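Let's walk through part of this model with a few quick questions. Have the structure open and follow along.

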Amino acid sequence: MLEDRATAVSSPTQWPAAYPKGYAVVDVETTGLARDDRIISAAVYRLDEHGEVEDHWYTLVNPERDPGPVWIHGLTTAVLDGAPLFADIAQEFAARLDGRVLVAHNAVFDWQMIAREYARVRSEAPVRQRLCTIALSKELGLPLPNFKLESLAAHFGVVQQRAHHALDDARVLAEAFRPSLRAAAEGGVRLPLLECRPLTEWSDRPVPRQSAGGYGSYRPTSWRPSRKRPACPYPNPGRYEDGKRLKQGMRVAFSGDTSTERELLEDRAVEAGLHVATSVSRLTSLLVTNDPDSGTSKTVKARQFGTPIMDEAAFGQLLRDVEPADGQA
């Protein structure tokens, strides 16, 4: 059983040749979870191809705005005022990431926060692939009560000293990732690698700095706030049929981690004349997901309703040539 192998610490005699040659285990603390929130601290543990620690790095970052939930991360305005701006540490951060697979717990969040910061300084992070330790835990079938970092740490006997401190969270994840990686190598498990696509355009909404009096302006939100889109002008032509083109008006839902930032992917779908749905129903034409076995509510409903399921890469290809709605030129 893979769950038994996952506790082993010895390296397999045959390391998979296709596995990456190095990893950057990353954790960032932020002012919040929305797309206009900022990084306030970052840590990187560089690991070799077998998951052994090479070195580590940590920095505070001045977000030039309210620091957000201080009761979680403990970083106040006074502490961050003397910290470097992201532009000041971007080059050093990039050197730690260069040529390595970015590893994080809920990697889509850390990657998108990092990608946005680099977009703000008109640059790109040198990251081409990421690996989410939640997805790897699922691939290994680890018997975890949930997929929180503390549960993964407890499974491997890693002691967490300062939760929500970027350096300690990165250390904990690095120590838990090493036996996970070795278990995957021993079992010949395919690593759940996803492509990282940098943002090439960015515009910030102004966010006022909080005065020294407190943190009343902080508003916890989703990391991807909902956007009110105009109604799709085309009727729903029904479900997508394998081998055919997408057609304007089709209802498309998305689930799970995507290589392209979800909001940008949805924008492209809307521009092509598709209806982006926030849930799956009998009227849904297609579900796009890179993890059809994830067991999310959307994938479960898609199977119940017989809704076609497609991965992001295939969907991206079909977006290039969407069939016009009936009566459209």
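Q: How many bridges join strand E7 to E8?
A: This is a predicted model, and in it E7 covers residues 251–255. E7 and E8 run parallel, and Ala253 stands opposite Ala277 in E8. The number of bridges joining the two strands is three.

Q: Which strands are the edge strands of the sheet?
A: Start with the order of this open, four-stranded sheet, which is E8-E7-E9-E10, with parallel pairing. An edge strand here pairs on one side only, and that fits 275–277 and 309–310. Those stretches are E8 and E10.

Q: Helix H9 packs on the sheet, so which strands does H9 touch?
A: Look at residues 262–271, which make up H9. The direction of H9 makes about 170 degrees with that of E7. The strands H9 touches are E7 and E8.

Q: At about what angle does helix H10 run to E9?
A: H10 spans residues 297–305 and lies across E7, E9 and E10. Strand E9 itself is 286–289. H10 runs to E9 at about 140 degrees.

Q: Is the crossing of H9 and H11 left-handed or right-handed?
A: H11 is the helix at residues 312–319, and its axis comes within 11 Å of the axis of H9. The two axes cross at roughly 35 degrees. The handedness of this crossing is left-handed.

Q: How many nonpolar residues are in the contact of H9 with H11?
A: H9 brings Leu265, Arg268 and Ala269, while H11 brings Glu312, Phe315 and Leu319. By class, two of these residues are charged and none is polar. The nonpolar count is four.

Methods: Residues are numbered from 1 along each chain as its sequence is written. This is a predicted model: local features need pLDDT of at least 70, side-chain atom pairs count only at pLDDT 80 or more; totals for chains, interfaces and linings use all residues. Side-chain values use heavy atoms; hydrogens and water are left out. Two strands pair if DSSP finds at least two bridges between them. Contact means heavy atoms within 4.5 Å. Axes are lines fitted to C-alpha atoms, for helices over the stretch in contact, and angles run from 0 to 180 degrees between N-to-C directions. A crossing is left-handed if the near helix is turned anticlockwise from the far one by less than a right angle, and right-handed if clockwise. Ala, Val, Leu, Ile, Met, Phe, Trp, Tyr, Cys and Pro count as nonpolar, Asp, Glu, Lys and Arg as charged, and the others, Gly among them, as polar.
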